[in-house]
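User: Got a model here with a ligand in it. Can you walk me through what stands out?

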Amino acid sequence: MKRRTVLVAMAAAPLGAMLPLSAFAQKPIVLGFAQVGAESEWRTANTESIKSSAKEAGIDLKFSDAQQKQENQIKAIRSYIAQKVDVIAFSPVVETGWETVLVEAKNAKIPVVLTDRAISSKDDSLYVTFIGSDFTEEGRKAGRWLVEKEKGNPGPINIVELQGTVGSAPAIDRKKGFEEIIKSDPKFKIIRSQTGDFTRAKGKEVMEAFLKAEGKKINVLYAHNDDMAIGAIQAIEEAGMKPGKDIIIISVDGVKGAFEAMMAGKLNVSVECSPLLGPQLMSVVKDIKAGKSVPKRIVTQESIFPMEVAAKEFPNRKY
Ligand code: AHR
């Protein structure tokens, strides 16, 4: 039935217009995305956002999971170059060591978009734009919340810090932003600081070690993400202490798991870091392909959620 309609239309059309319909269909844009891994609730939501937005935008997505290893991300980028994809996007697990592969992409004339995490390179011609949060500001927000909370407390206030993946932009910047604020008052002291690699299991393990070494001296835990804080909460409870009361807990991301912990009174505050970068990424990819200019930096807008607002905000949370 459909076929007959098309043939009738073609018979009525002028000669020059008698091309098969498929000749007018545009080829979908091919995007190669090299993801960090699946280390946290945040990352799961980020992957889901990228996959669903690509589908919605009609973009052909090639996706790889590097299991938090830089060499796997480099391999994935090289394979996207070999496949001649239209655009490459990736969330760099660490800040350094990308020049060689990005020069290869540049020589192949494949534009690169950084999402979520930045790289540290003097050559900013290696990527078109960076879409993601201001991690230093997130660290500052965490610091400001603590300074306000402890106003009037003469101290000392002993802080333990669970850092993210060593060498990653969020670990470096969240530490820097937090320290920048708390250094204004010498009563704040970071007495232990170690990486928990952004995972629950590592967060728990390192917190156990902190508790063993410092015990009741610990007043505050600053975790660079919610997953490590959730792991640490388990360790604190197993040590017979009350998270959120005996030890104040500050973390970053604002995932549903953190909201549940806040509603249970076990986590005091979570600084928002949005993983929902998919829609922005797809629109930037389309603009690049259309030859439009895009801003060099696209910053995600974010908030902060103290435990007092958790129950009210929870129904609005998308990740
Ligand atoms: O780069 C963003 C960070 O990576 C998130 O804060 C963390 O949860 C994730 O693993």
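**Loops, then the ligand**

Analyst: Let's start away from the ligand. This is a predicted model. Q68 lies in the loop between β2 (60-65) and α3 (70-82).

User: What is the phi of Q68?

Analyst: Positive, about 60°, although Q68 is not a glycine. Most residues other than glycine have a negative phi.

User: Okay, peptide bonds now. Is the one from G155 to P156 cis or trans?

Analyst: That bond is cis, with omega near 0°. Most peptide bonds are trans. P156 sits in the loop between α5 (135-149) and β6 (157-163).

User: Switching to the ligand. Which residues surround it?

Analyst: The ligand is surrounded by E39, S40, W42, R43, D116, R117, F135, P170, R174, F198, N225 and D253. By class, that shell has six charged, four nonpolar and two polar residues.

User: Which side chains have a polar atom close to a ligand oxygen, and at what distance?

Analyst: Here are three. A polar side-chain atom of D253 is 2.6 Å from an oxygen atom of the ligand. For R117, an N or O atom in the side chain is 2.8 Å from a ligand oxygen. For N225, a polar side-chain atom lies 2.9 Å from a ligand oxygen.

User: And how much of the ligand's surface does the protein bury?

Analyst: The protein buries 100% of the 280 Å² that the ligand exposes when taken alone. The space taken by the ligand is the largest cavity.

User: Which elements give two or more residues to the shell?

Analyst: Those are α2 (41-57) and α6 (169-182).

User: Where does the ligand lie relative to the domains, and why?

Analyst: Between domain 1 (29-133 + 275-301) and domain 2 (135-273), because both give residues to the shell around the ligand.

Note on methods
Residues are numbered from 1 along each chain as its sequence is written. This is a predicted model: local features need pLDDT of at least 70, side-chain atom pairs count only at pLDDT 80 or more; totals for chains, interfaces and linings use all residues. Side-chain values use heavy atoms; hydrogens and water are left out. A residue is near a molecule or strand if one of its heavy atoms lies within 4 Å of it. A polar contact is a pair of N or O atoms within 3.5 Å; within protein, one must be able to donate a hydrogen and the other to accept it, and residues adjacent in sequence count only if both atoms are side-chain atoms. Accessible areas come from the Shrake-Rupley method with a 1.4 Å probe; for residues, only the protein chains shown count as cover. On a 1 Å grid over the protein atoms alone, a cavity is a set of points where a 1.4 Å probe fits but cannot get out, and a pocket is an open set with protein on both sides within 12 Å along at least five of seven lines; lining residues have an atom within 4 Å of a point. A molecule sits in a cavity or pocket if more than half of its atoms lie within 2 Å of its grid points. Helices (H or I, at least four residues) and strands (E, at least two) are DSSP runs, numbered from the N terminus. Ala, Val, Leu, Ile, Met, Phe, Trp, Tyr, Cys and Pro count as nonpolar, Asp, Glu, Lys and Arg as charged, and the others, Gly among them, as polar. Domain bounds come from an automatic or database domain assignment.
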